[in-house]
Amino acid sequence: MTELIHDHHAGTATAWWRDAVIYQVYVRSFADGNGDGVGDLLGIRGKLDYLAELGVDALWLTPFYTSPMADFGYDVADYRDVDPIFGTLADARGLLDDAHAHGLRVIVDVVPNHTSDRHTWFRQALAAEPGSPERERYIFREGAGENGELPPNDWESIFGGPAWTRLPDGQWYLHLFAPEQPDLNWENPEVHAEFASILKFWLDLGVDGFRIDVAHGMVKAAGLPDVGHPDQVKMIGSEVVPFFDQDGVHEIHRAWRRLLDSYPGERIGVAEAWAPTPERLAGYVRPDELHQAFNFHFLTTPWDAERFRAVIEESVLTAGLVGAPTTWVLSNHDVKRHVTRYGGGELGLRRARAAALLMLALPGSVYIYQGEELGLPEVLDLPEEFLRDPQRLRNPEDGRDGCRVPIPWAVSGPDFGFGFPGSQDSWLPMPGSWGELSVEAQLDDPDSTLGLYRTALAVRREREELGDGSLTWLKSPEGTLAFGRGAFVCTVNLTGAPVDLPAPGRVLLASDPPAFDGETVRLAPDSTVWWERDDD
Ligand code: GLC
């Protein structure tokens with residue numbers, strides 16, 4: 001099957017991941033193949049033609065393992081099986097084979113920081129005595145205070161509230177996320193052995209790599225010291241906290257790299273690491289560690305030319321210092337969709353289109369979150385009774401349901417083709433206007449956002465200068481960015497007004513077409529243009 005995997009640039013048989021465009025499938029919301037209102041593996045299998053024609057190189061599937069779904073699959077009860085709501089192990093095998101036959105690699109999620117509270121290990125731990133080997137697989141502690149009635153330290157859960165829950169026998173257990181997600185004890189060799197075995201299970205099944213959930217979280221500072229102040233609930237921040245980004249975590253990634261390298265075909269590890277600085281992030285992608293790390297510094301950059309330039313420069317520089325490619329990402333299943341972050345409505349969409357062309361022109365690998373190629377906004381007005389994300393339950397302002405609304409495939413029909421006639425309603429309701437944003441509505445329109453992504457990915461594939469490599473900044477007016485990559489030039493106008501500059505060459509693609517006046521070009525507000533230089 002592997003010979004059907006095409007590398008981004010003909011002739012580069014290795015290091016496919018250095019410039020891969022990887023499409024994130026949030027399985028629950030991508031396509032419903034069995035009509036129960038929830039996306040599944042069968043649904044994905046039915047959309048592989050779409051994904052291959054979109055022009056991406058690989059898929060990242062969010063967790064589809066057996067789970068009580070307290071955090072929609074990020075609470076895994078059995079790491080070696082598929083949850084019935086998503087299908088069966090045979091479906092997973094079938095999906096891998098079909099994806100490979102379509103020339104698409106497949107990365108799956110692994111969740112090593114915590115298990116579900118329904119995982120056999122945690123059930124055994126609850127049934128066992130304090131101090132037993134069963135409890136040693138997790139982080140159990142006696143409480144503070146005279147009678148142990150206070151949590152062992154001041155750590156807060158990412159979802160809000162204390163990171164500790166007390167058991168009837170008086171011990172407390174640590175959960176950096178929901179109480180249904182107890183943290184594993186990575187000081188215990190048994191935990192290492194179990195995860196090595198889980199990774200092998202999926203590698204043997206044919207996956208091309210892993211997205212490692214909370215890759216900065218497994219190792220906690222010795223003695224579990226207090227942070228010393230409240231308001232620790234952010235994944236990203238400028239300070240180092242005793243539960244994230246500890247140096248010891250790199251030992252785990254080194255061991256996993258050795259495991260990945262023992263398989264043929266360059267299987268990769270991608271860190272979901274919210275490190276405080278690009279330098280700290282680069283630690284995760286040293287040559288003997290993981291291949292990639294998500295660049296959340298890029299994702300969180302506001303719409304501002306100087307800020308973008310700074311984050312791009314710093315990302316390229318710091319990844320380059322360890323010989324790793326940079327990655328670029330604008331949205332995922334944990335953050336507000338970027339159309340909305342950039343201002344929403346027409347403005348947000350204009351900026352999102354411009355941002356897509358900027359991202360796809362930068363050196364390195366790109367992550368696309370399902371639906372961004374359709375220009376989907378965040379759904380901000382979901383009815384209260386549907387809101388189920390544990391983060392929102394604890395912090396109403398910060399829910400993640402609005403970026404997880406199912407994908408509209410068809411102009412009309414119930415749930416716009418997410419299911420099929422007769423299917424149950426989709427698990428989150430879809431806005432009535434989404435038919436216009438559907439795949440069907442955009443597929444044959446080159447000016448649509450889908451058309452823009454498809455053309456951009458085709459150009460990116462064709463042009464040697466794009467993907468891996470470097471860039472050279474070019475002089476450009478305030479509020480704009482311009483860089484060259486060989487004969488290729490990218491200009492971005494991040495201002496809300498048109499900007500004039502000398503035309504760099506011939507237009508290859510634009511998020512919004514520029515206007516010409518002789519040698520001068522007028523860039524549209526909030527737009528990106530790809531050029532081929534005249535003088536090369
Ligand atoms: C990661 C996932 C997120 C999940 C959390 C806990 O950040 O992306 O969805 O809630 O880990 O596993």
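## A salt bridge between two domains, and what surrounds it

D109 and R211 pair up in a salt bridge, with 2.8 Å between their closest N and O atoms. The model is a predicted one, so that spacing, like every other value here, is computed from predicted coordinates. The two residues are a good way into the structure, and we can work outwards from them.

**The pair itself**

R211 sits in strand β9 (residues 209–212) and D109 in strand β5, so this bridge ties together parts of the chain that are 102 residues apart in sequence. Are the two partners buried or exposed? Both R211 and D109 are buried.

**The domains around it**

The chain is split into four pieces: domain 1 (1–109 + 295–316 + 324–469), domain 2 (114–183), domain 3 (190–288) and domain 4 (470–533). By those bounds, D109 falls in domain 1 and R211 in domain 3.

How far apart are the centres of domain 1 and domain 3? Taken over C-alpha atoms, 23 Å separate them. In domain 1, R80, F296 and H297 lose the most area to domain 3, together making up 26% of what that side buries. The contact involves 30 residues of domain 1 and 29 residues of domain 3. About 2700 Å² is buried between these two domains, with carbon and sulfur atoms giving 65% of that area.

On the polar side, the count of salt bridges between domain 1 and domain 3 is two. There are also 13 residue pairs in polar contact across the interface, counting pairs with both residues at pLDDT 80 or more. As for which elements of domain 1 do the touching, β4 (78–82), α3 (89–101), β5 (105–110) and α8 (296–299) each supply at least two residues.

**Other salt bridges**

Side chains of opposite charge can pair when their charged atoms come close. Over the whole structure, the search turns up 29 salt bridges. Here are three of them, D109 and R211 included:

| Pair | Closest N to O distance |
|---|---|
| D109 and R211 | 2.8 Å |
| R309 and E313 | 3.1 Å |
| E532 and R463 | 2.9 Å |

What separates R309 from E313 along the chain? They are four residues apart in helix α9 (residues 305–321), so about one helical turn lies between them. R309 is partly exposed, with a relative accessible area of 28%, and E313 is partly exposed too, at 36%.

E532 and R463 give another picture. E532 is partly exposed, at 23% relative accessible area, while R463 counts as buried because its value of 13% is under the 20% cut-off. This pair links distant parts of the chain, 69 residues apart: E532 belongs to strand β21 (residues 527–533), and R463 to the loop between α14 (449–462) and β14 (472–473). Elsewhere, salt bridges with shared partners join D71, D334, D389, R400 and R404 into one network.

**Two buried spots**

Now for a couple of residues away from the salt bridges listed above. A355 has its place in helix α11 (residues 345–361). Its relative accessible area is 1%, so A355 is buried. Which residues does A355 touch, leaving aside neighbours within four places in sequence? The contacts are with W303, L330 and Y342. L466 is 111 residues from A355 in sequence, and the two are 16 Å apart in space, C-alpha to C-alpha.

Q246 is in a loop, the one between β9 and α6 (249–261). Q246 still counts as buried, because its relative accessibility of 15% is under 20%. Beyond four places in sequence, Q246 is in contact with H216, V219, K220, A221, V240 and V241.

**How far to trust it**

The protein chain has a mean pLDDT of 95, and 96% of its residues reach 70 or more. Among its helices and strands, where is confidence lowest? Helix α12 (residues 390–394) takes that spot with a mean of 78, while strand β1 (residues 21–25) has the highest, at 99.

Residues 1–13 are the stretch to watch: pLDDT stays under 50 there. The model does show 27 contacts beyond four places in sequence for residues 1–13. Where pLDDT is low, though, the predicted coordinates should not be read in detail.

Note on methods
Residues are numbered from 1 along each chain as its sequence is written. Side-chain values use heavy atoms; hydrogens and water are left out. pLDDT is the predictor's confidence in each residue, from 0 to 100. Contact means heavy atoms within 4.5 Å. Buried means under 20% relative accessible area, exposed over 50%, partly exposed in between (1.4 Å probe, protein chains only). Domain bounds come from an automatic or database domain assignment. Buried area is the accessible area (1.4 Å probe) that two parts lose on being put together, summed over both. A salt bridge is a side-chain nitrogen of Lys or Arg within 4 Å of a carboxyl oxygen of Asp or Glu. A polar contact is a pair of N or O atoms within 3.5 Å; within protein, one must be able to donate a hydrogen and the other to accept it, and residues adjacent in sequence count only if both atoms are side-chain atoms.
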